[in-house]
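Let's take a friendly walk through a protein model together. Have the viewer open, and follow along one region at a time.

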Amino acid sequence: MDTNNITPQNPMQKQDTYYEATMRWIEDTYLKYFGQNRTSYGVKETLSKTEVTGNKDVDGIQHAVGETVGNVFAEGGVGESVGKVVDKGLLTR
C-alpha cells in the first residue's frame, strides 16, 4: 500500500485502499464458501444473462451449459488452476 499519494486534496485515498482490500476479502471468502472463485462466478453470471429466447427448454439448456462451464473453473474443477490465475491476474478490483 502506497501512502505517499495521500494529499490534503485527496484524504480518502488510504481509506479507499483499505475498503477495496476488505471488500475483495469478503467477496473471496463468500465465493470460497460455495466452492467458487471470481472466474467461475463471472462465467456463470455472464452466460445466465444470455437466456433471452423465452423458451423454457432452450433457456434450461443455456443455464445448464453456463453452470457446467462455470464449474470447470470452480474449486475442484478441471480448470481450477486457470480460474485462480485469471482471478488473481485479471479480475482484481
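Let's begin at the outside: the accessible surface of the protein comes to about 6,900 Å², and carbon and sulfur atoms account for 60% of that area. Please keep in mind that what you are looking at is a predicted model. The protein has 93 residues, of which 20% count as buried.

Now for the fold. The protein contains 4 helices and 0 strands, and reading along the sequence gives the pattern α-α-α-α. If you like to think in contact maps, take the contacts between residues at least 6 apart in sequence: 52% of them join residues at least 24 apart.

A good place to zoom in is the pairing of two helices. How do H2 and helix H3 pack? Helix H2 covers residues 38–48, and helix H3 covers residues 56–73. Their axes are 7 Å apart, at an angle of about 165°. Angles over 145° count as roughly antiparallel, so H2 is roughly antiparallel to H3. As for handedness, H2 passes H3 in a right-handed crossing. On the H2 side, the contact is made by Thr39, Ser40, Val43, Lys44 and Leu47. On the H3 side, the residues involved are Gly66, Glu67, Val69, Gly70, Asn71 and Phe73.

One member of that contact deserves a look of its own. Is Lys44 buried or exposed? Lys44, which lies in helix H2, has a relative accessibility of 13%. Buried means under 20%, so Lys44 counts as buried. Which residues does Lys44 touch, leaving aside its neighbours within four places in sequence? The contacts of Lys44 are Gln36, Gly66, Glu67, Gly70 and Asn71. Among these partners, Gly66, Glu67, Gly70 and Asn71 also appear on the H3 side of the helix contact.

Next, follow the chain past the end of H2. Thr50 sits in the loop between H2 and H3. At 36% relative accessibility, Thr50 counts as partly exposed. Try drawing a distance from here to His63: Thr50 and His63 are 13 residues apart in sequence, and their C-alpha atoms are 8.9 Å apart in space.

Finally, let's go back to the stretch before H2 and look at some rings. A pair of aromatic rings is described by the distance of the centres and the angle of the planes. How many aromatic pairs does the count come to? The count comes to 2 aromatic pairs. In one, Tyr30 and Phe34 meet edge-to-face, with 5.0 Å from centre to centre and 65° between the planes. In another, Tyr33 and Phe34 are edge-to-face as well, with 5.0 Å from centre to centre and 90° between the planes. Tyr30, Tyr33 and Phe34 together form one aromatic cluster.

How accessible are the members of this cluster? Tyr30 has a relative accessible area of 52% and is exposed. Tyr33 counts as exposed too, at 67% relative accessibility. Phe34, with a relative accessible area of 47%, is partly exposed. Phe34 is placed in the loop between helix H1 (13–33) and H2. One last distance to draw: Phe34 and Ala74 are 40 residues apart in sequence, while their C-alpha atoms are 9.4 Å apart in space.

Note on methods:
Residues numbered from 1 in each chain as written. Predicted model: local features only at pLDDT ≥ 70, side-chain atom pairs only at ≥ 80, totals over all residues. Heavy atoms only, no water. Buried < 20%, exposed > 50% of the residue type's maximum accessible area, 1.4 Å probe, protein only. Contact = heavy atoms within 4.5 Å. Areas by Shrake-Rupley, 256 points an atom, 1.4 Å probe, with all protein chains shown as cover. Phe/Tyr/Trp six-rings, centres within 6.5 Å; stacked < 30°, edge-to-face > 60°. Axes fitted to C-alpha atoms, helices over the stretch in contact; angles between N-to-C directions. Parallel < 35°, antiparallel > 145°, perpendicular 65-115°, else oblique. Left-handed = near helix turned anticlockwise from the far one by under 90°.
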